[in-house]
Amino acid sequence: MNDMSASAIPDLNTMKNLEDKVSKTFEKAGFEHIDPAIMQPADVYLQQIGEAIRGRTYVFSDINGDELCLRPDLTVPAARVYIERCEEHSAEKARLYYSGPTFRYPYEEPAASEEEGEQAAPAHGNTREFRQAGIEIFGKEEKEKAEAEVLKLTLDALKEVGTTDFNIRMGDLGLFFALLDAIDMPDRWRKRLAENFWRHEDFQNILTQLSEPHNLEYEKEQRSLLKKITNESQKEAELHVGEYLATKAIPLIGTRTLEEITNQLIIKAADLTSEPLEPEKIDIIKKYLEISAPPKAVGARLQDLAETAGLDLTKALDRYQKRIELLASVDIDLGNAEFTAEFGRKFEYYTGFVFQIEKHNMGPEGHIAGGGRYDHLLHSLGLPKNMPAIGAAINLDRLAALIDGDVL
Amino acid sequence: MTETLTIAVPSKGRLMEETSNFFRARGLNLQKIGHDRGYQGEIEGYDDVDIVYLSASEIAYQLKTGQIHMGVTGEDLVRENIIGVDQKVEFLKKLGFGFADVVVAVPDCWLDVRTMADLEEMAMEFRRRHKRRLKVATKYMNLTRQFFTKKAVAGYRIVESLGATEGTPMGGTADLIVDITSTGETLEANHLRILDDGLMLKSEANLVASRAAEWSGGAAEIRLDIMSKLNSDPV
């Protein structure tokens, strides 16, 4: 443990100065300062992000055995502040900002090493603890407008501290989901593709699976069971499955009911007899994911793709164009921006527009800020209904390291 | 103080006996010092080697911290307890006993779940219906997390289980398990089935060296001597 630095912040003056300027920018734009708790119930993260969080977060137990963690980000803690507020009085809209330390393991686990961007450790200083300043807009607002505003404000904050030389990377998960919706295929496949979108390898595997005859590797007896339940009613199918278990002397143990097991088997049985997904459809998905172009050129490329494939993407495209216009109208220079269809796949809770700001010519190491839309998070954290949310955070330690000897 | 090499060996049961046999067959006689129930030992004829008898998981821990130079313990315990294992230790030799497969096993009645991919597909449905993630009982929290991440399975929570893990699905504490098995009998008795691609690790007893231990002085040389014996054919 002797490699732990004694100070949380290597250069306190630079950091204070940065934090001050960034906070003032947020404050001036009408955002309200909040101070979420540093210690969070681990359960929230475990339910939301899953066990993978243990690979990068300080999770520990108190003497009651309750699991707590040091916050690995500030988005979830800020969302909890908002939810708590909604329980007290029905405040629906909120524009919040924060600034403070977050905590991550400096080690990388082998299996989790494909993560990058927001998850990466800061460039120098105390690698277990680093500061983030960020904003969140919760509640119903015109989506594209809120997105343009968040990006603009993030850029303003960076300008305020003297950083102007950066690239913007953008993506839009909403476009991908719209594309899936427009392609004709069984709903269960669409769901599988959508739910596995951020898992690169798995997604490829599913695409390959769907493109082949669904000759799953079942043993003879199971195949005949699947045949039996194809096109059967749920009730009939359950009888067959129950009978199969009885002949094999397999008892029904655990939480899952016969109905649940049968339901999943019916889906597999349907796959067994379905025609594979046509190569043209797979091709559209692949072509879309290959798109990487200046944001202003993307509209036309998508239009082309949609027309060749005979898909109706009008709504999603309109929203995309509208956002581009709004970004231009608030003087965001899209000349050094790049839209990448794949971008945003790595962050599980994003649902739409995503962006990342990188210091010019620095690659991932130059990543200083990022954000995006995450419309499902509040509901899954306990808010009774879905609520739009978008936010962004600046990695202050990274920023301090980059500015060091550069501007300030 | 004269330089010595510290080797930790399992302090009880089959592992202790087989370790002792393995060493003896190659001309290294392990013997306890003092009371038979004590935990200090030596190798006959080697004044510069200390033998310490420890539990198998304590051996993994002390390999990580470098308190011991070498140790005999299960590969599963080393990989579970040491993050960044290749920087911390070196696997010197598989010893050919203490075999155990670390596996993912589900209730046999889950006819719809044959692979890790099936598990993830079902996990999403499960979460929608039960408002919670699948619970996986195991004592291998790190290995499980790494394997599940590799297999792109995310819809689960780990419930730490320190014993009788195979019984947890039937008892309702967990939905599936990650545990060691050698013959598969206990799994079968508890109506569990290993997933087709659910073999996480084929483990056996290993001789492992710590990279964190102090090797300067005489320890490295004594190690060479001991290793040449251990690598020779058994008598």
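Buried area is the accessible area, taken with a 1.4 Å probe, that two parts lose on being put together, summed over both. The exercises below use a predicted model.

**Exercise 1. The contact between the chains**

Task: State what area chain A and chain B bury between them, and describe which residues and salt bridges belong to the contact.

Solution.
Step 1. Chain A and chain B together bury about 3,700 Å². Carbon and sulfur atoms account for 52% of that area.
Step 2. On the chain A side, the residues that lose the most area to chain B are A:Glu51, A:Ile253 and A:Arg256. Together they make up 18% of what that side buries.
Step 3. Counted by residues, the contact draws 42 from chain A and 40 from chain B.
Step 4. Nine salt bridges are counted between the two chains. One salt bridge between chain A and chain B joins the side chains of A:Lys268 and B:Glu121, with 3.8 Å from N to O. The cut-off for such a pair is 4 Å, so this distance qualifies.

**Exercise 2. The domains of chain B**

Task: Give the bounds of the two domains of chain B, then describe the interface between them.

Solution.
Step 1. Domain 1 of chain B covers 5-99 + 204-230, and domain 2 covers 100-202.
Step 2. Their C-alpha centres are 32 Å apart. Nine residues of domain 1 of chain B and twelve residues of domain 2 of chain B take part in the contact.
Step 3. The two domains of chain B bury about 810 Å² between them, 51% of it from carbon and sulfur atoms. On the domain 1 side, B:Asp76, B:Glu80 and B:Phe99 supply 61% of the area buried against domain 2, more than any other three residues.
Step 4. The salt-bridge rule finds zero pairs across this interface.

**Exercise 3. The domains of chain A**

Task: Which residues make up the two domains of chain A, and what distance separates their C-alpha centres?

Solution.
Step 1. The assignment for chain A gives domain 1 as 12-178 + 336-403 and domain 2 as 220-273.
Step 2. The C-alpha centres of these two domains of chain A lie 44 Å apart.

**Exercise 4. Strand E5 of chain B**

Task: Decide whether strand E5 of chain B is enclosed or open, and identify its pairing with E1(B) and E12(B).

Solution.
Step 1. Strand E5 of chain B spans residues 70-74. Five of its five residues are buried, so the strand is largely enclosed by the rest of the structure. Buried here means under 20% relative accessible area.
Step 2. E5(B) pairs with strand E1 of chain B (residues 5-10) in the parallel sense, over two bridges. B:Met70 of E5(B) is the bridge partner of B:Ile7.
Step 3. E5(B) also runs antiparallel to strand E12 of chain B (residues 205-210), and five bridges join them. In this pairing B:Gly71 stands opposite B:Val208 of E12(B).

**Exercise 5. A sheet in chain A**

Task: Give the strand order of the sheet in chain A that holds E2, E4 and E3, and explain why E2 and E3 each have a side without a neighbour.

Solution.
Step 1. The three strands of chain A form an open sheet in the order E2-E4-E3, with antiparallel pairing.
Step 2. E2 (39-41) and E3 (59-61) of chain A stand at the edges, each with a single partner strand, so one side of each has no neighbour in the sheet.
Step 3. From one strand to the next, the twist averages 40°.
Step 4. Three bridges join E2(A) to E4 of chain A (residues 67-70). In E4(A), A:Leu68 is the bridge partner of A:Pro41.

**Exercise 6. Two residues with positive phi**

Task: Where do A:Asn231 and B:Ala164 lie, and are they buried or exposed?

Solution.
Step 1. Most residues other than glycine have a negative phi.
Step 2. A:Asn231 has a phi near 60°, a positive value in a residue other than glycine. A:Asn231 lies in the loop between helix H8 (220-229) and helix H9 (234-247) of chain A. Its relative accessibility is 79%, so A:Asn231 counts as exposed.
Step 3. The phi of B:Ala164 is near 50°, again positive in a residue other than glycine. B:Ala164 sits in the loop between strand E9 (156-160) and helix H7 (168-171) of chain B. With a relative accessible area of 62%, B:Ala164 is exposed.
Step 4. Both values pass the cut-off, since exposed means over 50%.

Note on methods
Residues are numbered from 1 along each chain as its sequence is written. Chains are lettered from A and ligands numbered from 1 in the order in which they are written. This is a predicted model: local features need pLDDT of at least 70, side-chain atom pairs count only at pLDDT 80 or more; totals for chains, interfaces and linings use all residues. Side-chain values use heavy atoms; hydrogens and water are left out. Buried means under 20% relative accessible area, exposed over 50%, partly exposed in between (1.4 Å probe, protein chains only). Helices (H or I, at least four residues) and strands (E, at least two) are DSSP runs, numbered from the N terminus. Two strands pair if DSSP finds at least two bridges between them. Axes are lines fitted to C-alpha atoms, for helices over the stretch in contact, and angles run from 0 to 180 degrees between N-to-C directions. Domain bounds come from an automatic or database domain assignment. Contact means heavy atoms within 4.5 Å.
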